[in-house]
Amino acid sequence: MNWDDLKVFAVTARLGSFSKAAEELGTTHTTVSRRISALEEALDLRLFDRLSTGLVLTCGGEELHTSAAAMELEAEAAERQVSGRDSELRGEVRVSIIDAMAVSLMPAFGRFLQAYPGIKLTISTSTREANLARREADIAIRIGNTPPETLVGRRVTKYQFALYGAKTLLERFNENTPAEDYPWVAWGDNLAWPALRKLMARRGKNINVVARIGGAIAMADAVCEGIGVGYLAVPKSERDPRLVRLEPIEEELSLDVWLLTHPDLRHTGRIRAFMDFIAPEIKQDFEI
């Protein structure tokens, strides 16, 4: 039995889709389908029922998946352990981070690459959190107050928010205009965290939300363009000459910034080098 075909099967069974498996494996839908068909032919066994709603494991497929999933986890653990023994400051460091933080930290990433010319960075800004156990990334820079217990690292600083408006917008109103009387730009539901939802709910009856934005960079641009006032990250907004802070920092909106890695990788030279280098850079960049 071909291990590569078995790995493709394990990923496909876990995700329930040829397309999703192809995305994770870095290949095409056609290739995944062909590998599954080859495995079924080799085993003389149908592994999936191909329904309009997706793939469903057959009884034989479920039995094989139990063994394949265990083998996949063992292979991933072995890969992490081998990577963890690497003490050379060479190779690739894959970092998962949201796009707004990546933009803000790009100068720091550049300084890191200058300091460690043997290391190459891969920066992932997907809205989906990378699975470090499956080697989708080596390091995650995450915002939130409850980091996964399976990862190790440190809380670097706090990500604070306050209400901002563009000078061009404020000039269209009386200087004593209360915040509720401005048009508002709100974070999209896919990005709003519980404290923000509660705060917006309290203000909801008194404000006119003219736009909802589904990305952090687009949210900041919308406020800067004068579309409406909105809650933005404090440090970058304080440095933007186009913006004015309208109210004190909302402490209830604060989120911890975490620098995390998998336990098997914490002693890897290039991983430690990046984490030690970037932690003070994050602290400096995200604090007033």
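Guide: Two strands count as a pair if DSSP finds at least two bridges between them. The model discussed here is predicted.

Visitor: How many bridges join E8 and strand E9, and in which sense do they pair?
Guide: Strand E9 covers residues 208-213. Its pairing with E8 is parallel, and the number of bridges is five.

Visitor: Which residue of E9 stands opposite Ala186?
Guide: Ala186 is one of the residues of E8, the strand that pairs with E9. Opposite Ala186 in E9 stands Arg212.

Visitor: Is E8 largely enclosed or open, and how many of its residues are buried?
Guide: A residue is buried if its relative accessible area is under 20%. E8 is largely enclosed by the rest of the structure because the buried residues number five of five.

Visitor: Which buried residues of E8 lie on the side away from Pro183, Val185 and Trp187?
Guide: In a regular strand, side chains alternate between the two faces of the sheet. E8 has both faces covered, with Pro183, Val185 and Trp187 buried on one side. On the other side, the buried residues are Trp184 and Ala186.

Visitor: What is the handedness of the β-α-β unit that contains H7?
Guide: The unit is made of E8, H7 and E9. The crossover is called right-handed if, with the strands pointing away from the viewer, the path from the first strand over the helix to the second runs clockwise. For this unit, the handedness is right-handed.

Visitor: Which residue forms a salt bridge with Glu180?
Guide: Glu180 sits in the loop between helix H6 and strand E8, and its partner is in helix H7, 23 residues apart. Glu180 counts as partly exposed at 28% relative accessibility, while the partner is buried at 10%. The closest N and O atoms are 2.8 Å apart, and the partner is Arg203.

Visitor: How far apart are the closest N and O atoms of Glu40 and Arg50?
Guide: Glu40 belongs to helix H3 and Arg50 to strand E1, so that the salt bridge links distant parts of the chain, 10 residues apart. Glu40 is buried at 12% relative accessibility, whereas Arg50 is partly exposed at 42%. A salt bridge needs a separation within 4 Å, and here the closest N and O atoms are separated by 3.2 Å.

Visitor: What is the bridge partner of Arg50 in E2?
Guide: E1 and strand E2 (residues 54-57) pair in the antiparallel sense over four bridges. They form a hairpin with two residues between them. In E2, Arg50 is matched with Leu55.

Visitor: Which residue forms a salt bridge with Asp49?
Guide: Asp49 is partly exposed, with 27% relative accessibility. The closest N and O atoms of the pair are 2.8 Å apart, and the partner of Asp49 is Arg46.

Visitor: Which residues are linked with Asp256 in a network of salt bridges?
Guide: The whole structure has 13 salt bridges. In the network with Asp256, the linked residues are Arg155 and Lys158.

Visitor: What is the phi of Asp44 near?
Guide: Most residues other than glycine have a negative phi. Asp44 is a residue other than glycine with a positive value. Asp44 is found in the loop between H3 and E1 and is exposed, with a relative accessible area of 70%. Its phi is near 55°.

Visitor: Which residues touch the most other members of the largest nonpolar core?
Guide: That core has 61 residues. One of those asked for touches Val95, Met101, Leu105 and Trp258, among others. The residues that touch the most other members are Ile141, Tyr231 and Phe274.

Visitor: How many residues are in the second, separate core?
Guide: The largest nonpolar core has 61 residues. The second core is separate and includes Phe18, Ala22, Val32 and Leu57; its number of residues is 16.

Visitor: What distance separates the C-alpha atoms of Asp4 and Arg35?
Guide: Asp4 has its place in helix H1 (residues 3-15) and counts as partly exposed at 43% relative accessibility. Asp4 and Arg35 are 31 residues apart along the chain, and the distance between their C-alpha atoms is 8.6 Å.

Visitor: What percentage of the residues of the protein count as buried?
Guide: The protein has 10 helices and 12 strands. Its accessible surface comes to about 15300 Å². Of its 288 residues, the buried percentage is 46%.

Key. Residues numbered from 1 in each chain as written. Predicted model: local features only at pLDDT ≥ 70, side-chain atom pairs only at ≥ 80, totals over all residues. Heavy atoms only, no water. Buried < 20%, exposed > 50% of the residue type's maximum accessible area, 1.4 Å probe, protein only. Areas by Shrake-Rupley, 256 points an atom, 1.4 Å probe, with all protein chains shown as cover. Salt bridge = Lys/Arg side-chain N within 4 Å of Asp/Glu carboxyl O. Core = buried A, V, L, I, M, F, W, Y, C linked by side-chain atoms within 4.5 Å. Contact = heavy atoms within 4.5 Å. Lists of a residue's contacts leave out its neighbours within four places in sequence.
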